[in-house]
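I opened my notebook to get to know this structure, one look-up at a time. Come along and check each entry against the picture.

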Amino acid sequence: MLYPIQNADKLQLKHTQNFFSVGFSALNLSQPEKLKYQYRLTIVNKNWVDADNFRMASYTNVAAGNYVFEFRHAVKGLVEWSPVQRVWVVITPPFYLTWWFVALLVICASLGYFIALRLKR
């Protein structure tokens, strides 16, 4: 599925949507073929990934968590990069891995243990 995120700063995904691609581009109407791109997804990519003219980053089997997708562009032959563009990517965990579900299990187990102790008496 495609979800346009122009002018967005956050992309919220379910844990079943942990295979995703992000497309990006920069406006240079006079010489678009001279642009080069780099991107990274924090935690997954430590260093910048050169994308050259292929303006899409694909990720597979990304664990639930909070990430920042960053990309930048420059004109080939120049050293200076554009300011980094950022989009937060949040992949929510399944309900059974959330803190409230684990807390509920602990409470139920404790309650069951105390009830079992009371019934033994």
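**Entry: terms.** Before naming any loop I need its borders, so I note that helices (H or I, at least four residues) and strands (E, at least two) are DSSP runs, numbered from the N terminus. I also note that what I am looking at is a predicted model.

**Entry: a loop residue, Asn61.** With those borders set, I find Asn61 in the loop between strand E5 (56–59) and E6. I looked up its backbone and read a positive phi of about 55 degrees, although Asn61 is not a glycine. Is Asn61 buried or exposed? I count Asn61 as exposed because its relative accessibility is 56%, and the cut-off for exposed is over 50%.

**Entry: another loop residue, Ile43.** I moved to the loop between E3 and E4, where Ile43 sits. Ile43 is not a glycine either, yet I read a positive phi of about 80 degrees for it. Its relative accessible area is 70%, so I wrote down Ile43 as exposed.

**Entry: the overall layout.** How many helices and strands does the protein chain have? I count one helix and seven strands. Following the sequence, I get the pattern β-β-β-β-β-β-β-α, with the helix at the end.

**Entry: overall dimensions.** I looked up the radius of gyration and found 22 Å for the protein chain, whereas a compact globule of 121 residues would be near 14 Å. The box filled by the C-alpha atoms is roughly 85 × 25 × 20 Å along the principal axes. Buried residues come to 26% of the 121 in the chain. I put the accessible surface at about 9300 Å², and carbon and sulfur atoms own 60% of that.

**Entry: charges.** I tallied 13 positive and 6 negative side chains in the protein chain. The centres of these two sets are 19 Å apart.

**Entry: strand E3.** I next turned to E3, residues 35–41, and found it mostly covered, with five of its seven residues buried. Which strands does E3 pair with? I see seven bridges to strand E6 (residues 65–75), running antiparallel. I also see three bridges to strand E4 (residues 49–52), antiparallel as well. To pin down the pairing, I noted that Lys36 stands opposite Ala74 in E6, and that Gln38 has Asp50 in E4 as its bridge partner.

**Entry: strand E1.** In E1 (residues 10–13) I found alternating side chains. Leu11 and Leu13 point to one face and are buried, while Lys10 and Gln12 point to the other face and are not buried. I traced four bridges from E1 to E7, and here the two strands run parallel. One pair I can point at is Leu13, which stands opposite Ile91 in E7.

**Entry: Thr92.** I ended on Thr92, in the loop between strand E7 (85–91) and helix H1 (99–120). I call Thr92 partly exposed because its relative accessible area is 28%. What does Thr92 touch, leaving aside neighbours within four places in sequence? My list reads Gln12, Leu13, Lys14, His15 and Ala64. I also checked Tyr37, which is 55 residues away from Thr92 along the chain: their C-alpha atoms are separated by 29 Å.

**Entry: contacts over the chain.** Last, I looked at contacts with a separation of 6 or more in the protein chain, and 59% of them join residues 24 or more positions apart.

Terms used: Residues are numbered from 1 along each chain as its sequence is written. Side-chain values use heavy atoms; hydrogens and water are left out. The radius of gyration is taken over C-alpha atoms; the globule rule is 2.2 Å times the number of residues to the power 0.38. Buried means under 20% relative accessible area, exposed over 50%, partly exposed in between (1.4 Å probe, protein chains only). Contact means heavy atoms within 4.5 Å. Accessible areas come from the Shrake-Rupley method with a 1.4 Å probe; for residues, only the protein chains shown count as cover. Lys and Arg count as positive and Asp and Glu as negative; His and the chain ends are not counted. The place of a charge is taken as NZ of Lys, CZ of Arg, CG of Asp or CD of Glu. Two strands pair if DSSP finds at least two bridges between them.
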